[in-house]
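This report describes how two chains meet and how the sheets of one of them are arranged. The account moves from strand pairing to the packing of helices, and then to the interface.

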Amino acid sequence: MKGKLLNKMVSSLKLPPEIDLRLPKLTMYGRGELLIENHRGVLCYSDEELKFLTEYGIVTIRGGNLELLEFSMERASIRGRIDGWTYGDDKRCGN
Amino acid sequence: MWQLGRGCVIIRLKGRNLERLLNALRGEGVALSRITRLSADEMRLSMPAKDFKKIRRHANKLRCKAHIEQRSGAPFVARRAIKRPVLWIGCLVAFAALALCSTRIWVIRIEGNTRVAEATIQRALTQHGLHIGAARPKRTFDALADAVAAYDERIAWVGLKLSGVCLTVSVLEAEYDMLAIDPTLPCNVVAVKDGVLTKILTLEGVTSFKVGDYVKAGDLLISGTVTLPDVEEPMRVHARGVVKANVYYFSEYAQSLVGSERLATGATAAYRRVEICGLTLSESDAPFADYEIENLSRTLLRVPFLPITVWEGRYCEMAELPTELSIPEAAELALVAAENGAMLRVPSDAAITQKTSDWFVADGLVIATCAVVTEESIGLTEELSY
């Protein structure tokens, strides 16, 4: 209810979507660094795969030599060879 | 950097629920960094030292083990340093030495001297206790400066300024005429230029000229040899006086009616210059001896971290081409050249009383003449020979 109200307010006032603090935001710097904001925690962490829980599903990041440079309440910064990322609902690790 | 200031620890975690432990710490607001997966059940991370107790609490709940691999940052350095009294004594001695050194003069900078050697000024300063390594003077700087100035008669004034450990000595040298003759020696006053006398005032010696007389360079204006009535032997004195004359400066310039002007011939060639960070990397060779670059345009290439600028334009050949001048144009050029020729010879301290210029045409040339009349001092003291 609260989320819907916030969504309506953001769209009616034509505010930038970042105002909605639950909205995950992914920023990629080249291919070697990715910043994910507004996550809800990490589900899996290995050299090849990282799974983050977000309000809109599970974000899976795949690549090689992945390292979590920073991990805090709102943001996580990943460094390494990033092959891609997808949204999904699969919570299992190692897929 | 701020982590180093507040102290941080590198932790090695072992267990099966490491992701849950990370999320638990995140929930507590702990900022984790440089998290590396070492194996399926091992992880290494960096975190603020003050939050280490939080990890212990959660690690026990989630059956994980955590141990500190490395401690770094200011709190740990301070804790180690507090146990080293020699270090503190060393710091104290260093501070004391610094405080002591800052009360002394270590740099002496001398400025404003041209004739007086720096070594002479340094000797004068040393005599009054100002040398490298000396303590700050107890006397006032004004008194010291006066004492230093009195050391050499060529020094008119000395200013001292102490800024930190640097003493700046500003020197003003006395002006004196190298050619001046000792006022006790007998001498004549002679004319250095041709001119018509406008003023002649004899203070010592005798003169045979009067106002309105025309004198030539080298003429004896005031003689230092005075013969008194009833005295056989002439007396030799230091002739002195004020001698002013109207001096004439003439100049003539002939201007041809065919002049020349630097113009473009019409021949062009492409121009290109490549610059990196303002430094010229390559530039096309100029095909002409005399040229100008026209229509220069700048293009900035968008190469990351490498600002490359390309300048493109065209070389235009230039040459001195003959042009026909009208008589008024030629007269104007000739008058300017003639006036410049005369004015260049007028001394800077001379007063210009009259300036006339005229022009006429003769044999296809415009001839301009200029005459400048000045009133200036023409007397020069010349030592008498025995």
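Two strands are counted as paired if DSSP finds at least two bridges between them. The model discussed here is predicted. In chain B, strand 15 (residues 240-256) and strand 21 (residues 365-377) run antiparallel and are joined by 13 bridges. Within this pairing, B:Tyr249 stands opposite B:Val372 of strand 21 of chain B.

**The five-stranded sheet of chain B**

Strands 15 and 21 belong to an open sheet of five strands in chain B, ordered 11-9-15-21-20 and paired in the antiparallel sense. Its edges are formed by strand 11 (214-215) and strand 20 (351-362) of chain B, each of which pairs on one side only. Helix 8 (residues 327-343) of chain B lies across strand 15, strand 20 and strand 21 of chain B.

**The three-stranded sheet of chain B**

Chain B also contains an open sheet of three strands with the order 5-7-6 and mixed pairing. Strand 5 (107-111) and strand 6 (155-163) of chain B occupy the edges; each has a single partner strand, so one side of each lacks a neighbour in the sheet. From one strand to the next, the twist averages 20°. Strand 5 of chain B runs parallel to strand 7 (residues 166-173) of chain B, and five bridges join the two. One of the partnerships links B:Ile110 with B:Val169, the latter in strand 7 of chain B.

Two helices lie across strands of this sheet. Helix 6 (residues 118-127) of chain B crosses strand 5, strand 6 and strand 7 of chain B, while helix 7 (residues 141-149) of chain B lies across strand 6 and strand 7 of chain B. The table gives the angles for the helices that lie across strands in the two sheets.

| Helix of chain B | Reference strand of chain B | Angle |
|---|---|---|
| Helix 6 (residues 118-127) | Strand 5 | about 125° |
| Helix 7 (residues 141-149) | Strand 6 | about 140° |
| Helix 8 (residues 327-343) | Strand 21 | about 30° |

**A hairpin in chain B**

Strand 16 (residues 258-276) and strand 17 (residues 279-283) of chain B pair in the antiparallel sense over four bridges. B:Glu275 has B:Thr280, in strand 17 of chain B, as its bridge partner. The two strands form a hairpin with two residues between them, and B:Cys277 in the turn has a positive phi of about 55°.

**The interface of chains A and B**

At the interface, 14 residues of chain B are in contact with 16 residues of chain A. The two chains bury about 1,300 Å² between them, and 54% of this lies on carbon and sulfur atoms. On the chain B side, B:Arg26, B:Ile35 and B:Arg37 lose the most area to chain A, together accounting for 47% of what that side buries.

Between the chains there are zero salt bridges, whereas ten residue pairs are in polar contact across the interface. Helix 2 (18-27) and strand 2 (32-39) of chain B each supply at least two residues of the side that touches chain A. The largest share, six residues, comes from strand 2 of chain B. By class, the contacting side of chain B divides into six nonpolar, four polar and four charged residues.

Strand pairing also extends across the interface: strand 5 (residues 57-71) of chain A and strand 2 of chain B pair in the antiparallel sense over three bridges. Here A:Phe71 stands opposite B:Leu32 in strand 2 of chain B.

Notes
Residues are numbered from 1 along each chain as its sequence is written. Chains are lettered from A and ligands numbered from 1 in the order in which they are written. This is a predicted model: local features need pLDDT of at least 70, side-chain atom pairs count only at pLDDT 80 or more; totals for chains, interfaces and linings use all residues. Side-chain values use heavy atoms; hydrogens and water are left out. Contact means heavy atoms within 4.5 Å. Buried area is the accessible area (1.4 Å probe) that two parts lose on being put together, summed over both. A salt bridge is a side-chain nitrogen of Lys or Arg within 4 Å of a carboxyl oxygen of Asp or Glu. A polar contact is a pair of N or O atoms within 3.5 Å; within protein, one must be able to donate a hydrogen and the other to accept it, and residues adjacent in sequence count only if both atoms are side-chain atoms. Ala, Val, Leu, Ile, Met, Phe, Trp, Tyr, Cys and Pro count as nonpolar, Asp, Glu, Lys and Arg as charged, and the others, Gly among them, as polar. Axes are lines fitted to C-alpha atoms, for helices over the stretch in contact, and angles run from 0 to 180 degrees between N-to-C directions.
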